[in-house]
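Take a minute to turn the model around before you read on. We'll start with one residue and work outwards from there.

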Amino acid sequence: METHRPVMMPEDEVTFRLAQLLLLLDAVARQDAKGASLERIGYYDFLSANPFLVVDSDGREGKLLRLAGFDPQVLSYASSSQRFTSRRERIQHDLALLVAYGCCEVHNRNGAFAYSISNRGRELGARFTATYAASFTTAASIVVRHLRKLSDRALREQTARWLRPGGEGGPGAALLSVLGPGPQAPDMPWEG
């Protein structure tokens with residue numbers, strides 16, 4: 001038995017990220033044919049992979065996400081802000097690859113770039129048969145529907161609240177529900 005095998009995360013594989021991004025772009029196209037900005041796609045991408053940051057786990061959409069295989073108590077929600085930053089940095093590279101492969105198109109939308117799935121990208125995405133593809137498509141549809149109504153500023157502010165570890169409904173809530181609140185610091189100032 002090998003004990004020192006490296007752990008491979010799907011998000012570290014370019015092919016996985018490109019496939020996931022195609023599914024997201026298709027979900028965006030179903031709700032906004034004009035596409036979305038790089039910034040919005042970054043938010044949509046991360047939050048679609050972590051939909052319980054957006055969706056109430058006890059509501060109707062939460063039940064759909066559970067049926068699709070998502071779990072609101074996954075411990076990775078506790079490190080969401082760090083993962084958001086690194087994942088967002090890769091979006092521009094991944095979109096450039098999709099454009100180069102002819103799976104994504106770039107348009108001028110009100111003086112800014114907007115990205116949308118091309119016919120070739122839609123055809124390729126329709127061939128994905130993995131269970132995760134169906135699960136991610138469900139999550140992306142729900143998340144994009146929620147977030148597309150927000151202005152860019154409101155999207156940034158709301159995401160910052162969702163990613164705050166200690167905030168109500170923040171990613172730390174799932175961790176606290178599993179591990180408990182932990183030791184409390186005394187209410188005295190630090191002496192120095």
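Where is the place of aspartate 45? Aspartate 45 sits in helix H2. Keep in mind that this is a predicted model, so everything below describes a prediction.

Is aspartate 45 buried or exposed? Aspartate 45 is buried, because its relative accessible area is 4% and the cut-off for buried is under 20%. If you skip its neighbours within four places in sequence, aspartate 45 is in contact with Gln20, Leu21, Leu24, Arg87, Ile91 and Phe136.

**The overall layout**

Now zoom out. The protein has 192 residues, and 37% of them are buried. Its secondary structure comes to eight helices and two strands. Walk along the sequence and you meet them in the pattern α-α-α-α-β-β-α-α-α-α. Take the contacts between residues at least 6 apart in sequence: 68% of these join residues at least 24 apart. On the outside, the protein exposes about 11700 Å², with carbon and sulfur atoms supplying 55% of that area.

**The core**

What about the inside? The largest nonpolar core has 41 residues. Leu24, Ile41, Leu47, Leu95, Leu98 and Leu147 are the ones with the most contacts inside it. The elements that give two or more residues to this core are H1, H2, H4, strand S2 (112-117), helix H6 (131-147) and H7. Which element gives the most? That's H1, with nine residues.

H1 has quite a list of buried residues, including Leu18, Leu21, Leu22, Leu24, Leu25 and Val28. Polar names turn up there as well: Arg17 and Gln20 are among the buried residues of H1. The length of this helix checks out too. Its 18 residues should span 26 Å at 1.5 Å a residue, and its end C-alpha atoms are 26 Å apart, which agrees.

Isoleucine 41 is a good core residue to click on. Leaving out residues up to four places away in sequence, isoleucine 41 touches Leu21, Leu24, Leu25, Ala36, Ile91, Leu95 and Tyr115. Look back at aspartate 45 and you'll find Leu21, Leu24 and Ile91 among its contacts as well.

**Salt bridges**

How many salt bridges does the structure hold? There are eight. Here are three of them, with the distance from N to O:

| Pair | N to O distance |
|---|---|
| Arginine 109 and aspartate 32 | 3.0 Å |
| Arginine 156 and glutamate 39 | 2.9 Å |
| Glutamate 157 and arginine 153 | 2.9 Å |

Start with the salt bridge between arginine 109 and aspartate 32. Arginine 109 lies in strand S1 (residues 104-109) and aspartate 32 in the loop between helix H1 (14-31) and helix H2 (38-49), so the pair ties together parts that are 77 residues apart in sequence. Both partners are partly exposed: arginine 109 has a relative accessible area of 29%, and aspartate 32 comes in at 23%.

Next comes arginine 156 with its salt bridge to glutamate 39. Arginine 156 is in helix H7 (residues 152-163) and glutamate 39 in helix H2, so this pair ties together parts 117 residues apart in sequence. Arginine 156 is partly exposed at 37% relative accessibility, and glutamate 39 is partly exposed at 24%.

The pair of glutamate 157 and arginine 153 stays inside one helix: both lie in H7, four residues apart, or about one turn. Why does that spacing suit a pair? An α-helix has 3.6 residues a turn, so residues three or four places apart point the same way. Here glutamate 157 counts as partly exposed at 37%, whereas arginine 153 counts as exposed at 57%.

Salt bridges can also link up: Asp26, Arg30 and Arg122 form a network of them.

**Out at the surface**

Finally, look for a nonpolar patch of about 260 Å² on the surface, made by Val99, Val106 and Phe113. Valine 99 belongs to helix H4 (residues 80-100) and is partly exposed, with a relative accessible area of 34%.

Histidine 107, in strand S1, is also partly exposed, at 34%. Not counting residues up to four places away in sequence, histidine 107 touches Ala112, Phe113, Ala114 and Ser116. Histidine 107 and serine 37 are 70 residues apart in sequence, and their C-alpha atoms are 9.6 Å apart in space.

Technical notes
Residues numbered from 1 in each chain as written. Predicted model: local features only at pLDDT ≥ 70, side-chain atom pairs only at ≥ 80, totals over all residues. Heavy atoms only, no water. Patch = residues over 30% accessible without salt bridge, like charges linked within 9 Å, V, L, I, M, F, W, Y side chains within 5 Å. Areas by Shrake-Rupley, 256 points an atom, 1.4 Å probe, with all protein chains shown as cover. Salt bridge = Lys/Arg side-chain N within 4 Å of Asp/Glu carboxyl O. Buried < 20%, exposed > 50% of the residue type's maximum accessible area, 1.4 Å probe, protein only. Core = buried A, V, L, I, M, F, W, Y, C linked by side-chain atoms within 4.5 Å. Contact = heavy atoms within 4.5 Å. Expected span 1.5 Å × (residues − 1).
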